[in-house]
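Here is a friendly walk through one chain, from its charged pairs to its surface patches. Take a moment with the sequence and the fold, then read on.

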Amino acid sequence: MLDFLSIDTGTIVLTLLNTLILFLVVKHFLFGRVNKILEERQADVTKTYEEADKAKEKAKALEADYTELMAKAKDESAEIVKNATKKAQVHSDEIISNAKAEANSIISRANDDIEHERQRTMNEMMNEISGIAAMMAEKIIKKEINQADHEALINDFIENVGDDVWQQK
């Protein structure tokens with residue numbers, strides 16, 4: 001009964017020898033190729049990491065350049081706005097100055113026209129008064145005047161002068 005549990009040293013030696021031969025054959029034909037593939041994979045992975053690091057550094061440099069360009073663009077836009085504001089203010093001041101000069105010119109012409117019209121009105125009033133005075137003198141010469149006629153002529157003169165002055169305006 002113990003026969004099936006017995007240990008045969010010849011079988012053990014042959015099994016070990018077969019395992020050793022199999023290991024050497026596998027090592028000779030497969031391990032070299034597998035190691036070569038593993039080394040190539042390792043080189044690819046290392047290369048990929050290096051490229052990723054380079055790309056990351058390049059991206060950081062581009063980001064720094066972009067940030068610098070944005071800062072410059074912001075400064076330039078602020079300068080452009082500042083210059084445009086100055087130009088607008090100067091233009092506004094010129095327009096206001098021209099408008100004030102034009103208004104002063106219009107006021108001056110209006111005052112001149114008013115003064116001319118006043119002089120014309122005064123001359124017409126003087127002519128009218130002279131005409132009335134001449135008419136009164138003519139009436140006085142034509143007839144003898146008593147106190148009542150004299151007062152009536154004066155009142156008539158005052159009424160006519162007042163009406164003519166108001167009609168002129």
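Glutamate 117 and arginine 120 both sit in helix 1, 3 residues apart, which is about one turn of the helix. This is a predicted model, and in it the two residues form a salt bridge whose closest N and O atoms are 2.2 Å apart. How exposed are the two partners? Glutamate 117 counts as partly exposed because its relative accessibility is 36%, between the limits of 20% for buried and 50% for exposed. Arginine 120 is also partly exposed, at 36% relative accessibility. The pair does not stand alone: salt bridges that share partners link Glu117, Arg120 and Glu124 into one network.

How many salt bridges does the structure hold? There are 4 of them. As a general point, side chains of opposite charge can pair when their charged atoms come close.

Another of these contacts joins arginine 118 and glutamate 115, whose side chains meet with an N to O distance of 2.7 Å. Both residues lie in helix 1, 3 residues apart, again about one turn of the helix. Arginine 118 has a relative accessible area of 42% and is partly exposed, and glutamate 115, with 36%, is partly exposed too.

Elsewhere in the chain, lysine 72 makes a salt bridge with glutamate 68, and their closest N and O atoms are 3.4 Å apart. Here the spacing is 4 residues, about one turn of the helix, and both partners belong to helix 1. Lysine 72 is partly exposed at 45% relative accessibility, as is glutamate 68 at 43%.

The three pairs described so far can be set side by side:

| Salt bridge | N to O distance |
|---|---|
| Glutamate 117 and arginine 120 | 2.2 Å |
| Arginine 118 and glutamate 115 | 2.7 Å |
| Lysine 72 and glutamate 68 | 3.4 Å |

Now for the fold that carries these pairs. The chain has 2 helices and 0 strands. Helix 1 covers residues 9–142. Of the chain's 169 residues, 5% count as buried. The chain exposes about 15100 Å², and carbon and sulfur atoms supply 62% of that area.

Charge also gathers without pairing. Glu50, Glu51, Asp53 and Glu57 form a patch of negative charge on the surface. Of these, glutamate 57 is found in helix 1.

The surface has a nonpolar patch as well. Which residues form the nonpolar patch? Its members are Leu14, Leu17, Leu20, Ile21, Phe23, Leu24, Val25, Phe29, Leu30, Phe31, Val34 and Leu38, and together they have about 1100 Å² of accessible area. Leucine 17 is one of the residues of helix 1. With 43% relative accessibility, leucine 17 counts as partly exposed.

Two phenylalanines of this patch, Phe23 and Phe31, deserve a second look. The structure holds 1 aromatic pair. The ring centres of phenylalanine 23 and phenylalanine 31 are 6.0 Å apart and the ring planes meet at 70°, so the pair is edge-to-face. The reasoning rests on two cut-offs: centres must lie within 6.5 Å for rings to pair, and planes over 60 degrees apart count as edge-to-face. Phenylalanine 23 is partly exposed, with a relative accessible area of 42%. Phenylalanine 31 is partly exposed too, at 36%.

To draw this together, the model offers 4 salt bridges, a patch of negative charge that includes Glu57, and a nonpolar patch with members that include both rings of the aromatic pair.

Notes: Residues are numbered from 1 along each chain as its sequence is written. This is a predicted model: local features need pLDDT of at least 70, side-chain atom pairs count only at pLDDT 80 or more; totals for chains, interfaces and linings use all residues. Side-chain values use heavy atoms; hydrogens and water are left out. Patches are made of residues with over 30% relative accessible area and no salt bridge: like charges are joined within 9 Å, nonpolar side chains (Val, Leu, Ile, Met, Phe, Trp, Tyr) within 5 Å. Accessible areas come from the Shrake-Rupley method with a 1.4 Å probe; for residues, only the protein chains shown count as cover. Buried means under 20% relative accessible area, exposed over 50%, partly exposed in between (1.4 Å probe, protein chains only). Rings of Phe, Tyr and Trp (its six-membered ring) pair if their centres lie within 6.5 Å; planes under 30 degrees apart count as stacked, over 60 as edge-to-face and the rest as tilted. Lys and Arg count as positive and Asp and Glu as negative; His and the chain ends are not counted. The place of a charge is taken as NZ of Lys, CZ of Arg, CG of Asp or CD of Glu.
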